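Ready for some practice at reading a protein model? Have the sequence and the 3D view open side by side, and try each task before you look at its solution.

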Amino acid sequence: MDTVVVVSRREGAHEDLYGRSGEVDVLDRLVADVRNGRGRPLVLHGAPGSGKSTLLDRLRERASGVRVLRVNGVAGETELPFAAVQRLCAPLRAGLGHLPPVHRDALATVLGLCGGPAPSAARVGTAVAGLLARVGSARAVVCLLDDAHLMDRASRESLAAAARRCAGRVAFVFALPDPGHWGELRRFERLLVAGLVDRDAHALLTARLHAPLDPRVRDRVVAEADGNPRALVDAAVSIGPTEMAFCAPAEPRPPLGPPWEAALNTALDGLGTPGRELFALAAAEPFGDAVTVLRAAAHLGIGPDAVEEAEATGLLVLAPRVRFATPLLRTAVYARAAVEQRRRVHAALARSTPAGEAPERRAWHRGQATVTFDEAVAAQLQDAAENTDGRGGATTAALWELAASLTADRQTRALRMLAGARARHRTGALRQTLHLLADVHTAPLPALERAQAAVLRAQTRYGVHRDTAAVRSLTEAARHAAVSGHQHVRDVSALDALTAQIFAGRLRAPQEPDAVGAASPAQPEESSSAGAATPPTTDGPAGVGTYPGGPPTVAAAPHPTPDAPSGTGPATPPATGELPTAGTATPPATDGPPLSRARALLLEALRTHMLHGYAPAVPLLRRAVEAHLAAGPALPHPDGNGNWLVCHAAVDLWDAAAWESLAERTVITARAAGAASVLPAALVHQAFADLHRGRLDRAAARVAEADAISAAMGAVSPGHATLTLAAWRGEGDRTAALAASCRRDAEARGEGRLLSAVEYAEAVLHNALGGYARAFEVIATATALDEPASRPWVLPERLEAAVRTGHLREAEAVTERLAVCARLTGTDWAHGIHLRALALLTDDARADALYRGSAQRLTAAGAALQAARTRLLWGEWLRRNGQAARARVPLRAAHAAFVRAGARGFAERAAGELAAAGERPGADASGARAALTAQEERIARLVARGATTKEVAAALVLSPRTVDAHLRSIFRKLGISSRRRLRDAAILPSG
């Protein structure tokens with residue numbers, strides 16, 4: 001009897017699976033049932049691309065405590081009898097001896113262990129059922145048979161027979177497009193994986209796009225995909241982050257694939273000229289507007305017969321909305337149309353599009369149909385671009401570019417190209433931007449627009465290359481913009497020049513122009529009075545940000561005198577509204593729009609920091625951050641690096657809440673505005689904020705997206721973020737490889753800031769693994785440079801390494817600098833780190849209270865990893881002072897926090913301390929260890945017995961690379977970093 005499982009089409013996603021909550025629940029229940037001895041077969045069916053394999057992937061990952069055997073059907077094995085059975089049973093052949101002789105001999109023949117005639121499918125199926133029952137008596141088994149329709153006939157019949165006999169602790173899940181042609185499966189429970197509802201389809205498409213689509217285009221893509229996840233993902237790749245509504249790419253990306261390619265060839269070859277014209281017409285209309293397409297068809301003399309002929313192909317529907325069978329077909333059809341045919345259909349669409357309803361669409365079609373210069377059409381395109389600005393950067397860019405191509409006057413054409421280049425830059429199309437600006441560079445332009453073009457070109461070159469020449473271009477552009485008389489251009493260019501100088505850091509050549517001078521406000525009344533004052537005494541080297549004579553010699557340089565002595569107890573935050581008086585700069589005038597005031601404050605704060613040091617800059621940094629937070633949801637710096645800099649300012653203030661808020665707002669507004677060029681830096685800031693809170697997996701996802709967007713733009717990849725995550729995860733070999741790569745990149749580009757990031761990551765890793773001498777050494781230069789937004793990261797690493805290696809004078813100097821940070825900012829984050837520093841330097845009973853206060857402050861600040869590090873140090877101190885029982889409490893909490901976060905190096909260090917304090921670290925991390933998948937647990941147990949990667953791969957029929965990937969996941973979940981720790985039986989769950 002047929003049993004069909006019906007799932008509700010609940011809107012929403014189950015974790016990373018959009019709209020599959022019902023299916024996930026059914027599979028979870030199946031796993032729970034088989035654990036409890038209620039195994040059964042299930043058939044998972046749905047259209048190709050509906051996500052059946054993804055659901056099986058999830059089941060395999062989450063089926064803890066269950067042995068999962070997975071076999072995929074392979075088209076090339078259809079003529080090899082029992083090929084799929086061989087692959088399913090190969091890992092279980094050790095159990096053949098427990099089967100009755102007739103069944104043992106049947107399976108042995110199938111597995112090639114003995115000769116003889118091929119057994120019947122029914123006998124093999126019974127033998128497979130017996131073998132699985134034997135295995136299931138020790139641990140429940142789930143057999144996943146993906147693409148079952150591609151398996152050889154003998155395997156299909158055998159496995160169906162085995163599934164009919166499965167019960168107890170054995171279950172089968174078959175996945176195939178349509179079970180109708182396989183009669184054996186009709187008797188099994190079936191679960192249809194249907195198309196996604198519109199809301200989930202929109203969510204999946206949006207998640208795969210890095211820039212927003214016109215809502216009407218998004219609706220068309222979703223309709224054409226018909227809820228098919230693979231079609232939606234392919235469409236997202238085809239459209240890309242810089243594609244726009246009216247532009248069909250020259251050829252589809254990715255390619256259609258053989259079935260669709262063959263179907264399109266057959267359809268077009270069988271159509272007459274009107275039918276092919278109708279296909280091109282439908283492909284050129286971006287929104288699937290059937291009324292417009294049919295009107296245009298009438299203008300071209302295409303009658304109802306051609307409409308019926310086109311729809312009969314099954315690839316195109318013309319009413320009630322125009323829909324291709326899959327989104328990639330539209331771009332493929334458009335790419336195949338000849339130039340003359342494209343102009344003809346665009347002209348017809350322009351005549352059929354009411355100007356009042358869709359002026360930008362009408363203008364676009366008119367422009368595409370125009371052969372030579374036409375100022376009237378170009379002016380319409382300009383009007384459309386100005387009206388769409390802010391609603392879609394790529395759409396705006398394409399309208400400006402088409403307008404420029406139809407403009408005869410050189411200056412007008414250059415101005416339109418400059419506007420298009422600005423829109424392209426915002427979408428992240430950096431190389432296209434440079435191409436446009438190359439023509440603008442030689443064109444006659446007014447002084448202001450020439451300055452804008454120079455700044456934009458320098459920004460774009462810096463985004464692509466980020467090298468010494470690009471830094472020089474930004475600095476020169478800022479100097480020219482300073483005399484342009486336009487405040488916005490001057491401020492944006494100055495902020496970008498300062499950004500470039502911060503990135504260049506220690507590798508900036510002494511002869512390079514000084515960006516701080518270029519950043520000086522042109523209007524005297526807007527200047528800060530501090531700029532002309534004698535630099536005050538600070539807690540860092542005066543002028544260290546500008547590196548006028550190259551990087552300092554760290555080994556010989558004594559630590560500077562701090563601007564405030566450290567106390568013997570916790571630093572006291574200033575009273576509300578109180579600001580330090582010594583060396584405080586007078587803020588600039590703040591008349592004008594809120595965003596202009598915010599930019600001016602940020603610029604002055606950075607200048608003060610780089611010229612006079614940290615302490616006098618803190619009040620200005622605070623005002624700049626507050627101004628940006630108060631400026632509203634608009635993107636404060638859509639055309640430059642100001643968003644990155646204001647997030648850095650929040651870090652300099654040790655204000656995690658402001659930092660997260662600014663980064664999140666930047667990401668949200670950049671997505672909405674299509675400002676892809678802003679996204680990578682903002683995503684990296686979000687990732688580091690996640691790291692601060694101990695959410696390493698979420699941070700890794702953000703870094704991966706930032707890396708993908710950077711690659712799509714042709715910009716420099718944020719490699720330092722990947723390196724930092726690897727260090728916090730305790731991945732020694734990977735950290736070393738990434739550090740070497742980043743060093744090469746830094747030296748090749750002249751990017752000293754990247755060297756500081758490398759040194760920080762290496763110090764984290766060495767401190768985690770107890771390599772304090774190496775940590776002390778590698779972090780020395782970054783500590784001495786005192787670069788903007790470096791203190792919260794660099795100083796804690798230097799401090800711990802200094803204390804552990806006996807460099808007490810250096811530890812005291814770092815503690816004094818931390819006291820300054822705590823006093824000036826008053827945040828829990830800064831106070832928590834300072835209290836920990838005092839505790840590390842205290843060797844009496846006061847340390848206990850200091851550690852407790854540090855943990856409380858850091859927990860309140862949301863600094864999960866730093867709070868865990870305080871508890872680790874606290875437990876170490878207690879154990880070394882003969883208080884092992886008390887030490888176990890903070891050590892246990894630290895170990896659990898590191899395991900949850902995936903900080904394996906620190907987790908292993910905490911585990912070692914717990915063991916030394918008399919407690920096995922396995923007991924309190926059971927929740928994390930239970931998260932091992934069945935496959936991971938199998939691999940872990942084999943490795944714990946001494947098996948090599950190759951031996952594990954052979955035993956489980958996996959590739960060595962897959963085994964290594966599973967091992968990395970196992971190490972992260974168990975909070976360890978070596979195979980040796982797996983050999984401790986207590987590290988694995990019992991069973």
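The exercises below work on a predicted model, going from the whole chain to single residues.

**Exercise 1. The whole chain**

Task: Find how many helices and strands the chain has, and what share of its residues count as buried.

Solution:
- Start with the secondary structure: there are 47 helices and 10 strands.
- Next, take burial. The chain has 991 residues, and 57% of them count as buried.
- Then turn to the surface. The accessible area comes to about 38,200 Å², with 53% of that belonging to carbon and sulfur atoms.
- Finally, look at contacts between residues at least 6 apart in sequence: 69% of these join residues at least 24 apart.

**Exercise 2. Two helices, each with a buried side**

Task: For α17 and then for α20, compare the end-to-end span with the expected one, and work out where the buried residues sit around the axis.

Solution for α17:
- Helix α17 covers residues 375–388, which makes 14 residues.
- From its first C-alpha to its last it reaches 20 Å, close to the 20 Å expected at 1.5 Å a residue.
- Its buried residues are V377, A378, L381, A384, A385 and T388.
- These residues cover an arc of only 120° around the axis, so they are on the same side of α17.
- Now check the start of the helix. There, a side-chain oxygen of D374 comes within 3.1 Å of the backbone nitrogen of A376.

Solution for α20:
- Helix α20 runs over residues 430–441 and has 12 residues.
- Its end C-alpha atoms are 16 Å apart, in agreement with the 16 Å that 1.5 Å a residue should give.
- The buried residues here are L430, T433, L436, L437 and V440.
- Down the axis of α20 they fall within an arc of 120°, so they line one face of the helix.

**Exercise 3. Cysteines**

Task: Decide how many disulfides the structure holds, and how far C143 is from the nearest cysteine sulfur.

Solution:
- A search of the whole structure gives 0 disulfides.
- For C143, the nearest cysteine sulfur is that of C89, 8.0 Å away.
- A disulfide needs the two sulfur atoms within 2.5 Å, and C143 is in no disulfide.
- Check burial too: C143 counts as buried, because its relative accessibility is 0%.
- C821 likewise has 0% relative accessibility and counts as buried.

**Exercise 4. Two buried residues and what they touch**

Task: Locate T827 and H692, and list the residues that each one touches beyond four places away in sequence.

Solution for T827:
- T827 sits in the loop between α37 (808–825) and α38 (828–840).
- Its relative accessibility is 15%, so T827 counts as buried; the cut-off is under 20%.
- A polar atom of the T827 side chain lies 3.1 Å from the backbone nitrogen of A830.
- Leaving out residues up to four places away in sequence, T827 touches L653, W654 and D655.

Solution for H692:
- H692 belongs to helix α29 (residues 679–692).
- With 5% relative accessibility, H692 counts as buried.
- Leaving out residues up to four places away in sequence, its partners are A656, W659, W829, A861, G862, A863, A864 and L865.

**Exercise 5. Unusual backbone geometry**

Task: Inspect the backbone at P320, D226 and D786, and say for each aspartate whether the residue is buried or exposed.

Solution:
- Begin with the peptide bond that joins A319 and P320: it is cis, with omega about 0°. P320 is in the loop between β9 (316–317) and β10 (323–324).
- Move to D226, in the loop between α8 (215–225) and α9 (229–239). D226 is not a glycine, yet its phi is positive, at about 55°.
- With a relative accessible area of 58%, D226 is exposed.
- Go on to D786, in the loop between α35 (780–785) and α36 (791–804). D786 is not a glycine either, and its phi is positive, at about 55°.
- D786 has a relative accessible area of 6%, so D786 is buried.

Methods. Residues numbered from 1 in each chain as written. Predicted model: local features only at pLDDT ≥ 70, side-chain atom pairs only at ≥ 80, totals over all residues. Heavy atoms only, no water. Helix = DSSP H or I, 4+ residues; strand = E, 2+ residues; numbered from the N terminus. Buried < 20%, exposed > 50% of the residue type's maximum accessible area, 1.4 Å probe, protein only. Contact = heavy atoms within 4.5 Å. Areas by Shrake-Rupley, 256 points an atom, 1.4 Å probe, with all protein chains shown as cover. Expected span 1.5 Å × (residues − 1). Arc of directions from axis to C-beta. Polar contact = N/O pair within 3.5 Å; in protein donor to acceptor, adjacent residues only side chain to side chain.
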